[in-house]
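Thanks for sharing this one with me. Here are my notes, written to be read with the structure open beside them.

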Amino acid sequence: MTDTAAPTTDALVVTDPGSIPPHVLRRVVDTALEEDAPWGDVTSETLIPAGATATAVLAAREPGVLSGGGVFVSVMHAVDPTIRAEVHVADGAGFVAGDTLVTVSGPARSVLRAERVALNLVQRMSGVATLTAAYVAAVAGTSARIVDTRKTTPGLRALERYAVRCGGGRNHRTSLSDAVMAKDNHLAVLLASGIDIGDAVRAARQRLGHTVHLEVEVDRVDQVEPVVAAGVDTIMLDNFGPDELVEGVAIVAGRALVEASGGVSLDTVGAIAATGVDVISVGALTHSARALDLGLDIAVSA
């Protein structure tokens, strides 16, 4: 793809991305290892002496932003808790080609069994973090936040959303259970049922607890005022051009957060941010990020 180029290392800012819930990480790692070696690693168990040890270096083949260094180590320890690991670059930090990111050492069979799963996850997560950092850099100097969407890899949402945070982005709602977010298909059902969207939003506000966020998507300028007047917390302007976004921001006039969505790329995100929107949601952060080129170099000694 064309929009995964990493920003220069000098432009990157180390962030505090928080953490991945431990029970979620365990589930992902256990599932991945079971998938990759359900009855053991036949190759290593056949060819590699039981007493052989290995030192492995996770090395960068290209520049980027690291995400998943701890996940890489967790995979190693899930296979064999005697593996020793040292993380040299923090999650959220930039690196250049040739940098050593993590070093592990221990029983060779264990390192080799963990290698592919560990690499798959750290490459995927670092690709998401690197692409996110490019989007964040493209809107620098504006007040717009770059956020992800629910267009994540099934089963990997917590890891990919953590990776977005490593790249300096923010997270949208985590799941359908977190907030009310009425999109085009919800509105189509309401319209087919003869229900006015403004009336539906006001009724929803009456039923919701005061901590529940309410967002509605619109795709025309004339829909903005009725939706905002009904009492939403965020209005999403979907596939609006820059001039329409400026008009929409002016109509909202601070009464709600304004989110821009649709048609967002590295080529367009700067102009979108300049319209004054508060949030720009980018599905590409997770659905189109390529795996970063990281490699595991292993030296084995008997």
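The points below go from the whole chain to the sheet, then to the helix pairs and a few single residues.

1. **The chain overall.** Please keep in mind that this is a predicted model. The chain has 302 residues, and 47% of them are buried. Eleven helices and twelve strands are found along the chain. Its C-alpha atoms fill a box of roughly 75 × 40 × 30 Å along the principal axes. If you take the contacts between residues at least 6 apart in sequence, 73% join residues at least 24 apart.

2. **The six-stranded sheet.** A good place to start looking is the open sheet, whose six strands come in the order β6-β11-β10-β9-β8-β7 with parallel pairing. Its edges are β6 (145–147) and β7 (180–182), each of which pairs on one side only. From one strand to the next, the twist averages 25 degrees. For orientation, strands of a sheet pair through backbone hydrogen bonds, either parallel or antiparallel.

3. **Strand β10 and its two partners.** Strand β10 covers residues 257–261, and four of its five residues are buried. Strand β9 (residues 234–238) runs parallel to β10 and is joined to it by five bridges. In this pairing, L237 stands opposite A260 of β10. Strand β11 (residues 279–281) also runs parallel to β10, with three bridges between them. Here S261 has S281 of β11 as its bridge partner.

4. **The link from β9 to β10.** How do you get from one strand to the other? Helix α9 (residues 242–252) belongs to this step: β9, α9 and β10 make a right-handed β-α-β unit.

5. **The β7 edge.** At this edge, β7 pairs with strand β8 (residues 214–218) in the parallel sense, over three bridges. If you want a pair of residues to find on screen, M181 has E215 of β8 as its bridge partner.

6. **Helices α1 and α3.** Two packed helices are described by the angle between their axes and the distance between the axes. For helix α1 (residues 22–36) and helix α3 (residues 69–79), the angle is about 60 degrees and the axes are 10 Å apart. The two helices are therefore oblique to each other. The crossing of α1 over α3 is right-handed. On the α1 side the contact is made by L25, V29 and L33, and on the α3 side by V71, S74, V75, A78 and V79.

7. **Helices α4 and α5.** Helix α4 (residues 108–138) and helix α5 (residues 157–166) cross at roughly 40 degrees, and their axes come within 7 Å. This angle makes α4 oblique to α5. Here too the crossing is right-handed. From α4, the residues in contact are L121, R124, M125, V128, A129 and T132. From α5, they are L159, E160, Y162, A163, V164 and C166.

8. **R124.** Is R124 of α4 buried or exposed? Its relative accessibility is 17%, so R124 counts as buried; the cut-off for buried is under 20%. Leaving out residues up to four places away in sequence, R124 touches T153, E160, T286, A289 and A291. E160 also appears among the α5 residues in the contact with α4.

9. **V277.** Which part of the chain holds V277? V277 is in the loop between α10 (269–273) and β11. With a relative accessible area of 0%, V277 is buried. Its contacts, apart from neighbours within four places in sequence, are S143, A144, L245, V249, V258, A260 and I272. A260 is the β10 residue that stands opposite L237. S143 is 134 residues from V277 in sequence, yet the C-alpha atoms of the two are 7.7 Å apart.

10. **I197.** I197 is in helix α7 (residues 197–207). Its relative accessibility is 23%, so I197 counts as partly exposed. Beyond its neighbours within four places in sequence, I197 is in contact with L187, L190, V216 and V227. Y162 is 35 residues from I197 in sequence and 34 Å away in space, C-alpha to C-alpha. Y162 also belongs to the α5 side of the contact in point 7.

Notes. Residues are numbered from 1 along each chain as its sequence is written. This is a predicted model: local features need pLDDT of at least 70, side-chain atom pairs count only at pLDDT 80 or more; totals for chains, interfaces and linings use all residues. Side-chain values use heavy atoms; hydrogens and water are left out. Buried means under 20% relative accessible area, exposed over 50%, partly exposed in between (1.4 Å probe, protein chains only). Two strands pair if DSSP finds at least two bridges between them. A crossover is right-handed if, with the strands pointing away from the viewer, the path from the first strand over the helix to the second runs clockwise. Axes are lines fitted to C-alpha atoms, for helices over the stretch in contact, and angles run from 0 to 180 degrees between N-to-C directions. Angles under 35 degrees count as roughly parallel, over 145 as roughly antiparallel, 65 to 115 as roughly perpendicular and the rest as oblique. A crossing is left-handed if the near helix is turned anticlockwise from the far one by less than a right angle, and right-handed if clockwise. Contact means heavy atoms within 4.5 Å.
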